[in-house]
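Q: Could you take me through one part of this protein slowly, and then show me what packs around it? I would like to follow it at the bench with the model open beside me.

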Amino acid sequence: MINIGIIGIGRIGRVHGESISKYVKNACVKAVADPFLNESSKAWASSLGITETYTDHKKILNDPAIDAVLICSSTDQHSPLSIEALQAGKHVFCEKPIDHSIEKIKEVLQAVDISGKKYQVGFNRRFDHNFRAIQTAVAAGKIGKQQIIKITSRDPEPPPIDYVKVSGGIFLDMTIHDFDMVRYLSGAEVEEVYAAGSVTVDPEIGKAGDIDTAIITLKLSNGATAVIDNCRQACYGYDQRAEVFGSKGAIAITNDSSSTAVFSGKDGVLAEKPLYFFLERYMRAYADEIDAFVEAIVKDTPTVVNANDGLEPVLIGLAAKKSVEEHRPVSLKEIRQAFGL
Ligand SMILES: NC(=O)c1ccc[n+]([C@@H]2O[C@H](COP(=O)([O-])OP(=O)(O)OC[C@H]3O[C@@H](n4cnc5c(N)ncnc54)[C@H](O)[C@@H]3O)[C@@H](O)[C@H]2O)c1
């Protein structure tokens, strides 16, 4: 049994706590820590049978019975907590992104190498049954030579403005999952990025220095072109679709909904809306990513989403940001060179 400590029990920390207790075999949550621990979070922990609740994460890092930690704090704490946990001898699962700063991510990569511990990044969509079905078909050669990859990724509602201000911008907060999906589905690397963005949802997002709507085209190392379509608000729910088109055919996924019921009447045909947001759509994927992390620890195998998989989408996000700012295609080579990579 792998004993886990969760650092940060906001939205995603609680998702992991609940999914581990319901679905993950071979692991249990021994302790949680959050500087803003209150009666409600203690009651939440207690409802899952977690009795050790701390305001100081060091209590988790100093506990020799804890094998691994999940870092689910706000993003600005991910890299310092990752390094501290690795140095304390813990295996680390870190929510995305590792950091907004490439320099800090490089420090984490170094700490992973020195520690020899497992490090997995929270790109949960790789564990979604639909995306995985595409990846499996593409990797088996069923699509032939890849030509076009299309990803639609729209949220049902934008986050609060206070979150937008510290999010690192749409590309490092939201599109980062789609950049990871492009790498995962294609098995190729991104070489060039051309992005156009605008504010169509909420002028406050613009005032906070961000955009809420974007189209990003990406040239890949395998010759294919990918296009990502993002919006912070879709009135019908969480829109998560993808297609890979190639010389032997195309494979596409559509949204999951709560049922497949379709009403047909004299005015038309009505189906269920997509599942509302990430908690509804990806609950099983969140459990499966922790299952994979635990399996890597138990079997001493590499993690399936490693620290480099955490670095690449941040580089792509910085290229996309630069592309919007400078109205030009930006190569990943240019970004890598700027950071000595
Ligand atoms: N993979 C996904 O689908 C997904 C979904 C949501 C959020 N996230 C990521 O998870 C992270 C947290 O997002 P959230 O929505 O849960 O935010 P949140 O604000 O709901 O929760 C963050 C929690 O971290 C705590 N915290 C802050 N500093 C801490 C520290 N030093 N030690 C311990 N706890 C600390 C806060 O008190 C808060 O309870 C973000 O980086 C976000 O990008 C990932």
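A: Let's start with β9 and β10 (residues 225-231), which run antiparallel to each other and pair over seven bridges. Strands here are DSSP E runs of at least two residues and helices are H or I runs of at least four, both numbered from the N terminus; two strands count as paired if DSSP finds at least two bridges between them. Before going on, please keep in mind that this is a predicted model, where local features need pLDDT of at least 70, side-chain atom pairs count only at pLDDT 80 or more, and totals for chains, interfaces and linings use all residues. Residues are numbered from 1 along each chain as its sequence is written, and side-chain values use heavy atoms, with hydrogens and water left out.

Together, β9 and β10 make a hairpin with four residues between them. In that turn you will find G223, with a positive phi of about 95°. To check the register, look across the hairpin: A214 faces N230 of β10, and T217 stands opposite V227 of β10. T217 of β9 also stands opposite Y194. That brings in β8 (residues 190-198), which pairs with β9 (residues 213-220) in the antiparallel sense over eight bridges. When you turn side chains on, remember that in a regular strand they alternate between the two faces of the sheet.

Now zoom out to the sheet. Seven strands make an open sheet with mixed pairing, in the order β12-β11-β7-β10-β9-β8-β15. Its edges are β12 and β15 (330-331), each of which pairs on one side only. Helix α6 packs on this sheet and touches β7, β11 and β12, with its direction at about 165° to that of β12. Contact here means heavy atoms within 4.5 Å, while the angles run from 0 to 180 degrees between N-to-C directions of lines fitted to C-alpha atoms, for helices over the stretch in contact. Helix α12 packs on the sheet too, touching β8, β9 and β15, and its direction makes about 50° with that of β8.

Helix α6 (residues 129-139) is worth a closer look. Its residues N130, F131, I134, A137 and V138 are buried, meaning under 20% relative accessible area, where exposed is over 50% and partly exposed lies in between (1.4 Å probe, protein chains only). These residues lie on the same side of α6 because they cover an arc of only 130° around the axis, the arc being that of the directions from the helix axis to the C-beta atoms. H129 and A139, on the other side of α6, are exposed. The partners of the buried residues of α6 include β7 (146-154), β11 (239-246) and β12 (249-253) from the sheet, along with α9 (175-186) and α11 (278-299). At the start of α6, a side-chain oxygen of D128 comes to within 3.1 Å of the backbone nitrogen of N130. After α6 comes G141, with a positive phi near 85°.

Charged pairs also join this region to other parts of the chain. Side chains of opposite charge can pair when their charged atoms come close. The structure holds 28 salt bridges, each a side-chain nitrogen of Lys or Arg within 4 Å of a carboxyl oxygen of Asp or Glu. In one of them, D178 pairs with R125, the closest N and O atoms being 2.8 Å apart. D178 lies in α9 and R125 in the loop between β6 (119-121) and α6, so this pair ties together parts that are 53 residues apart in sequence. Both D178 and R125 are buried.

R126 forms a salt bridge with D309, and here the closest N and O atoms are 3.9 Å apart. R126 is in the loop between β6 and α6 and D309 is in helix α12 (residues 307-326), so the pair connects parts 183 residues apart in sequence. R126 counts as buried, with a relative accessible area of 10%, and D309 is buried with a relative accessible area of 10%. R126 and D309 also belong to a network of salt bridges that links them with D180, R183 and E189.

Key
A polar contact is a pair of N or O atoms within 3.5 Å; within protein, one must be able to donate a hydrogen and the other to accept it, and residues adjacent in sequence count only if both atoms are side-chain atoms.
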